[in-house]
Amino acid sequence: MKPVIIQPPQVDWFTGAFAHGATLRKSTRIADLAGIFADTAAWHRTDPDFAVYDVEMLESPTGEGELYTGVTHLQPGKIGDEFFMTRGHFHARREQGEVYYGLRGTGLLLLQPEHGRAYLQTVTAGSVHIIPGFTAHRLINTGSEVLSALAVWPTIAGHDYTALASGFSVRVTEANRQILVREVQNG
Ligand code: 6PG
Ligand code: NI
């Protein structure tokens, strides 16, 4: 019998757009990001309906051993002097890692180990980021274009958004047209 040949989903390496596959999409708006940015007054002044980032994911089987594939599209912009960023999270299953691949735009991936110091990696088209287990992660768009990154992670990983209630220990802002990365005490 002839083996079946299936057309797989496609990703456009320049935009991160998916084709030939069923996808799910989730938008995160300014209103969803209460308490994330340092300048609360500036956050209040920003259109609550503005979509800061969208995640488009391929529909995947779930369960032990299965993987999700998704692209995050993070808009350029700032709240006060702080660059737009994702909420950021630990995986609920802390030991589960993830891989990010930069597709377009320029930014930073903030990595914060559960025990240890936060560090950052530059995200550009073609960059590869191995996020170890037990490490919270957040994308930050420091450029003027959309920042898009492809990610692959275990479906069982889940998200824990509450463990970082006091915030990541690094903030990235613009000062005198320069990107300023600084460590902070309580997020
Ligand atoms: C994940 C991935 C990634 C992430 C998005 C949005 O584990 O699902 O890291 O798809 O969810 O970049 O970031 P937040 O989940 O922190 O809003
Ligand atoms: Ni993740």
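Here is a short chat about a predicted model of a protein chain with a ligand.

Student: How many strands are there in the chain?
Tutor: Let's sort the secondary structure by type. Helices are quickly dealt with, as the chain has one. The strand count is 15.

Student: What radius of gyration does the chain have, and what would a compact globule have?
Tutor: Start from the length, 187 residues. The chain's C-alpha atoms fill a box of roughly 65 × 35 × 30 Å along the principal axes. The chain has 17 Å, which agrees with the value for a compact globule, near 16 Å.

Student: Which elements give two or more residues to the shell around ligand 1?
Tutor: First, place the ligand: its space is the largest pocket. Going by the elements that give two or more residues to the shell, you get β4 (51-58) and β8 (98-104).

Student: How do the residues of that shell divide into nonpolar, polar and charged?
Tutor: Ligand 1 has 14 residues around it, and Y53, G88, Y100, H159 and Y161 are the closest. Split by class, the shell comes to five nonpolar, seven polar and two charged.

Student: What share of the area that ligand 1 exposes alone does the protein bury?
Tutor: Look at the polar contacts to its oxygen atoms before the area. Side-chain polar atoms of T72 and H91 lie 2.8 Å and 3.1 Å from a ligand oxygen, while G88 uses a polar backbone atom at 2.8 Å. Taken alone, ligand 1 exposes 400 Å², and the share the protein buries is 95%.

Conventions: Residues numbered from 1 in each chain as written. Chains lettered and ligands numbered in written order. Predicted model: local features only at pLDDT ≥ 70, side-chain atom pairs only at ≥ 80, totals over all residues. Heavy atoms only, no water. Near = heavy atom within 4 Å. Polar contact = N/O pair within 3.5 Å; in protein donor to acceptor, adjacent residues only side chain to side chain. Areas by Shrake-Rupley, 256 points an atom, 1.4 Å probe, with all protein chains shown as cover. 1 Å grid on protein atoms, 1.4 Å probe; cavity = no way out; pocket = protein on both sides within 12 Å on 5 of 7 lines; lining within 4 Å. Sits in = over half its atoms within 2 Å of the grid points. Helix = DSSP H or I, 4+ residues; strand = E, 2+ residues; numbered from the N terminus. Nonpolar A, V, L, I, M, F, W, Y, C, P; charged D, E, K, R; others polar. Rg over C-alpha atoms; globule rule 2.2 N^0.38 Å.
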